[in-house]
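Let's practise reading side-chain contacts in a protein model. Work through each exercise yourself before you look at the solution.

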Amino acid sequence: MAKKVAILMAEGFEPVELTAPADVLRRAGAEVTCVSVTPTALVEGAHGLILVPDANLDAVDLSGFDMLVVPGGSVGVQNLLGCEPLLQAIPAYAAGEGGRLLGAICAGPMVLDAAGVLEGRKVTCYPGCEEGFPEGAYQGVIGVVRDGNLVTASGPGQAIAFGLTLAEALCGKEAADEVASGMLLG
């Protein structure tokens, strides 16, 4: 049975931070659902890119996934910060309940911080978005940081590496390596 992933999206999401991890995870065999918190048929991301979500939040049970992924984009993250069902779902993923995994990229870790799950964790994010994080959480890495079941990345340029790290955490190293090889990444 395929592992299930929910990637959240809201008006203003950073396109590559949503599409690259979704593509990598699907190539690794995961069942990816792009879940919109915006109650429309189309969601406009940063830079004018418009995507069709797989589902809207009101039709999805966020507790029914193996992994939850929060992309960045400053406007998108501001919209996700106002999504109470998302903020309520994050702690179970951060705690790894039922083997769950959690990922966030760019400004996305701000949503994790708002959900109160960064204490004692190691994360990275887009420089400047770490304000208010618990002491010692922000690692200042331009790249990807994995802390157990939590994967974070610094920004758009890391979207494929982020997706591969998520795929390794969810589907195993062999699956992630196969995807990387097929994408001519190594």
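**Exercise 1.** Is aspartate 54 buried, partly exposed or exposed?

*Solution.* Keep in mind that this is a predicted model. Step one: the relative accessible area of aspartate 54 is 46%. Step two: buried means under 20% and exposed means over 50%, with partly exposed in between. Aspartate 54 is therefore partly exposed.

**Exercise 2.** Find the salt-bridge partner of aspartate 54, and say which parts of the chain the pair ties together.

*Solution.* Step one: the side chain of aspartate 54 meets that of arginine 26 in a salt bridge, at 3.0 Å from N to O. Step two: aspartate 54 sits in the loop between β4 (50-51) and β5 (55-56), while arginine 26 belongs to helix α1, so the pair ties together parts 28 residues apart in sequence. Step three: arginine 26 is partly exposed too, at 41% relative accessible area.

**Exercise 3.** How far apart in sequence are aspartate 23 and arginine 27, and in which helix do they lie?

*Solution.* Step one: both residues lie in helix α1 (residues 15-27). Step two: they are four residues apart, about one turn of the helix. Step three: they form a salt bridge, with the closest N and O atoms 2.9 Å apart.

**Exercise 4.** Which residue forms a salt bridge with aspartate 147, and is that partner buried or exposed?

*Solution.* Step one: the partner is arginine 121, with the closest N and O atoms 3.3 Å apart. Step two: arginine 121 has a relative accessible area of 13%, so this residue is buried.

Technical notes
Residues are numbered from 1 along each chain as its sequence is written. This is a predicted model: local features need pLDDT of at least 70, side-chain atom pairs count only at pLDDT 80 or more; totals for chains, interfaces and linings use all residues. Side-chain values use heavy atoms; hydrogens and water are left out. A salt bridge is a side-chain nitrogen of Lys or Arg within 4 Å of a carboxyl oxygen of Asp or Glu. Helices (H or I, at least four residues) and strands (E, at least two) are DSSP runs, numbered from the N terminus. Buried means under 20% relative accessible area, exposed over 50%, partly exposed in between (1.4 Å probe, protein chains only).
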